[in-house]
Amino acid sequence: MSPILELRGVTMRFGGLTAVKDVSFAAGKGEITAIIGPNGAGKTTLFNCITGFYRPTEGEVLLHGAAGTTPLQRLPDHRIAQAGVARTFQNIRLFAGMTALENLLIAQHNRLMAATGFGIGAVLGLSRYPAAERQAVAQARHWLAATDLLDRADDPAGALPYGQQRRLEIARAMCTDPQLLCLDEPAAGLNPRESEALADLLRRILAAGTAILLIEHDMHVVMRISDRVVVLDHGSMIAIGTPAAVRADPRVIAAYLGEADDEESAAGAAA
Amino acid sequence: MIAALREAAIAAAVAFGLFVLLVGLKTEPGSAGTLILRERFGDVALLCGLVFTGRLLMALWRARRAAVEPGAPTRLAALTGRLGSWLAPALLATALLLPWLPGIGRSELDLGILVLTYVMLGWGLNIVVGLAGLLDLGYVAFYAVGAYAYALLAQYFGLSFWICLPLAGILAAFWGVLLGFPVLRLRGDYLAIVTLAFGEIIRVVLVNWTELTGGPNGISGIPRPSFFGLPFSMGGEEGSFAAVFGLEPSPSHRVIFLYYLILCLALLTNWVTLRLRRQPLGRAWEAMREDEIACRALGINLTATKLSAFALGAMFGGFAGAFFATRQAFISPESFTFIESAIILAIVVLGGLGSQLGVAIAAIVMIGGFELFREFDEWRMLIFGGVMVAIMVLRPRGLVGTRTPTIALGERRKISAELVQEGRG
């Protein structure tokens, strides 16, 4: 496996609280890597470290992209998105008052902005902007079609039903042309048919060459689509492997059944 | 009906509590320097009666409106939509032809110039507050920078208006960026406080830096604009505007010229804003108003986006300031107090955040209406306050609260105001 994203000893502390403790793993190119764990295990914190919303206290986050290796932990968040890491949010963050199409065009802001001569040229009408915009609309149309939202393109994002908003957020993330797509609980609140459609969509994204890292609570989805599962508990990584291997791991079972504390104290006593 | 009566009774009781001492009792100086207590309980009864009937009618009307709720708002929306489609061209045509319309004299044209100045300021602030969602309470600072930039450059260096105008804009934009940097991380109320302070700082500097700005005395004798080099002089001598065009010298030439000048500046502001809205920069401003965190996740550089909004808004404020200086020929810090910022912000909020047409209408109503009601004197503040309350009750998102998408695959449909974020700074 050649990795797209590599975490080396990532630790995140908030004052005295260690939310993520020395986590190291790699997510492979062309793979779906899932991060699971009980509530409060540090999944979303780890996500925020990768996507630059937090700066990890210690450790490295390396993106092995098409343009070589980039250490993400030093970049401001908008640079991380430009480097090729896109994300969605656990609580959907669409631009509610703008149409689906506008949402997707904003995702292509940097490319369009370059074509306008950074705003000035376009006002005067001297630029390559119309062609760039046509291309951007074509890409937006492609992802709207892929997420089955083409007929809702001119509707405000805030007026779409919940499931469609989830899909639109994924489409928007894909419009930044990412090499790695990070999804924070994409199946939350979806009905079984919708999560089936989501799994299909993720496979298509994977086939188009974007690796996926996802946090998910829905074990059906995780076990069916992931190539590799990382299990976090109390901020530490307790297991990594294929879905089948992880499911059989006694530590994972213990963490999910809430027996982790007993086991830890037993281990402490033995030492 | 019972509920409405009870509501009205409660309102009347509140009114009684308020007015019984405020209105009911009045002290007047009597003869020999004593105070006489005069009782006016008849007036109190009248006021309470008014409140009771008013509240009753309002409750009944609300109940009736609630009964016919579905369908009614859409009809209203369709009507305003149709109105809006011809209102903008009609307003533009009127503005273009105003000096030639019958019955328009010097004073009406002066009022037109004043209204257009506020339209331009409203449009400039609309970029910052309406599109980018950054609450700016110190906008008048940029207006002041523009005005003083023109006055000082013209006085000390003898530069003409047409050279000073862009310089004033650039200087104001520079101050916009300077204000923008420290407030990049602030939002909402905190941003409002800092911008408010910034506006005051500029004014206090203007008052106290006496050697440069003349302090509270201001700057007088600011050169009047020329018609691209041809002065508007009354003598009709060789090389003046009237002589070159073979016209009878008249003081109205300059007023008409000033009118068209501010109209062009305002239309320039409008044109740039409308154009930018359909482009990545404008869309990024609106996206920033909707959700900053999502913007960061999409790779939008918020620093550059915020600063560009501040700079552009400030630049148009600076243009308006330079125009103000050349029109008045006299400026002093008194013209740039906080109340000016408040009026401009009120125009933007009442008009509808982000709506160009709404801002123009609000400026006409507020500034024009304010001047027209001058003869009512003590009543006009009451009328003014009443109109503002009425607009905020009936149309809480401003006169034009809907948002038009900037691009569409099919038909562009208006986005209802409820979905559009107001911006938290």
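**A tour of the domain interface in chain A**

Begin by colouring chain A in two parts, domain 1 (1-84 + 178-271) and domain 2 (93-177), with bounds that come from an automatic or database domain assignment. This is a predicted model, in which local features need pLDDT of at least 70 and side-chain atom pairs count only at pLDDT 80 or more, while totals for chains, interfaces and linings use all residues. Residues are numbered from 1 along each chain as its sequence is written, chains are lettered from A in the order in which they are written, and side-chain values use heavy atoms, with hydrogens and water left out.

Next, place a marker at the C-alpha centre of each domain of chain A: domain 1 and domain 2 have centres 28 Å apart. Select the residues in contact (heavy atoms within 4.5 Å), and the selection holds 17 residues from domain 1 of chain A and 12 residues from domain 2 of chain A.

Turn then to the surface between domain 1 and domain 2 of chain A, where about 1100 Å² is buried, 69% of it from carbon and sulfur atoms; buried area is the accessible area (1.4 Å probe) that two parts lose on being put together, summed over both. On the side of domain 1 of chain A, show Pro178(A), Leu201(A) and Ile205(A), which supply 37% of the area that this domain buries against domain 2, more than any other three residues.

Finally, look for salt bridges (a side-chain nitrogen of Lys or Arg within 4 Å of a carboxyl oxygen of Asp or Glu), of which there are zero between domain 1 and domain 2 of chain A.
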